[in-house]
Amino acid sequence: QVQLVESGGGMAQPGGSLRLSCVVYGSIFSPYTMDWYRQAPGMQTELVASITSRGSTTYADSVKGRFTISRDNAKKTVYLQMSNLKTEDTARYSCTARGTHSWGQGIQVSVSS
């Protein structure tokens, strides 16, 4: 069974940075496309960023140029580097290995002055 554990969330000021990590347990990692999603209160879930097994990346328009997704296959970890944070980035962020139907528990990111 695949288990994903996120870390690195918290509070930041507008313009600040945070880095999220998501470690995959109980499964191989390298073949999977990894996704980061977020959900803000009262909003639909948004696919924020994805990275394929070969390292190709895609981003939501709302975070393009500010967020960077990366992966370390040896550590079975996917990262989301968030820079120039905005208040609208406040949400609960979750990672998933695409196709596994397994999700992390989610981690809160709050951006405010």
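I looked up Leu20 first and found that its bridge partner in strand 8 is Leu80; I keep in mind that this is a predicted model. The two strands concerned, strand 3 (residues 18–25) and strand 8 (residues 77–82), pair in the antiparallel sense over six bridges. Widening the view, I noted that four strands form an open sheet in the order 1-3-8-7, with antiparallel pairing. Its edges are strand 1 (3–7) and strand 7 (67–72), each of which pairs on one side only, and the twist from one strand to the next averages 15 degrees.

Next I turned to Gly10, which sits in strand 2 (residues 10–12) and is partly exposed, with a relative accessible area of 23%. Leaving aside neighbours within four places in sequence, I found Gly10 in contact with Leu18, Gln108, Val109 and Ser110. I also checked Gly10 against Cys22, twelve residues along the chain, and the C-alpha atoms of the two are separated by 15 Å.

My last search was for salt bridges, of which the whole structure has five. Arg38 forms one with Glu46, the closest N and O atoms being 2.8 Å apart, and another with Asp89 at 2.9 Å, N to O. Because Arg38 lies in strand 4 (residues 34–39) and Asp89 in the loop between strand 8 and strand 9 (91–97), this second pair ties together parts that are 51 residues apart in sequence. Arg38 and Asp89 are both buried, whereas Glu46 is partly exposed at 26% relative accessibility. I recorded that Arg38, Glu46, Arg66 and Asp89 are linked in a network of salt bridges. Asp61, which is exposed with a relative accessible area of 65%, meets Lys64 in a salt bridge of 3.0 Å, N to O.

Terms used:
Residues are numbered from 1 along each chain as its sequence is written. This is a predicted model: local features need pLDDT of at least 70, side-chain atom pairs count only at pLDDT 80 or more; totals for chains, interfaces and linings use all residues. Side-chain values use heavy atoms; hydrogens and water are left out. Two strands pair if DSSP finds at least two bridges between them. Axes are lines fitted to C-alpha atoms, for helices over the stretch in contact, and angles run from 0 to 180 degrees between N-to-C directions. Buried means under 20% relative accessible area, exposed over 50%, partly exposed in between (1.4 Å probe, protein chains only). Contact means heavy atoms within 4.5 Å. A salt bridge is a side-chain nitrogen of Lys or Arg within 4 Å of a carboxyl oxygen of Asp or Glu.
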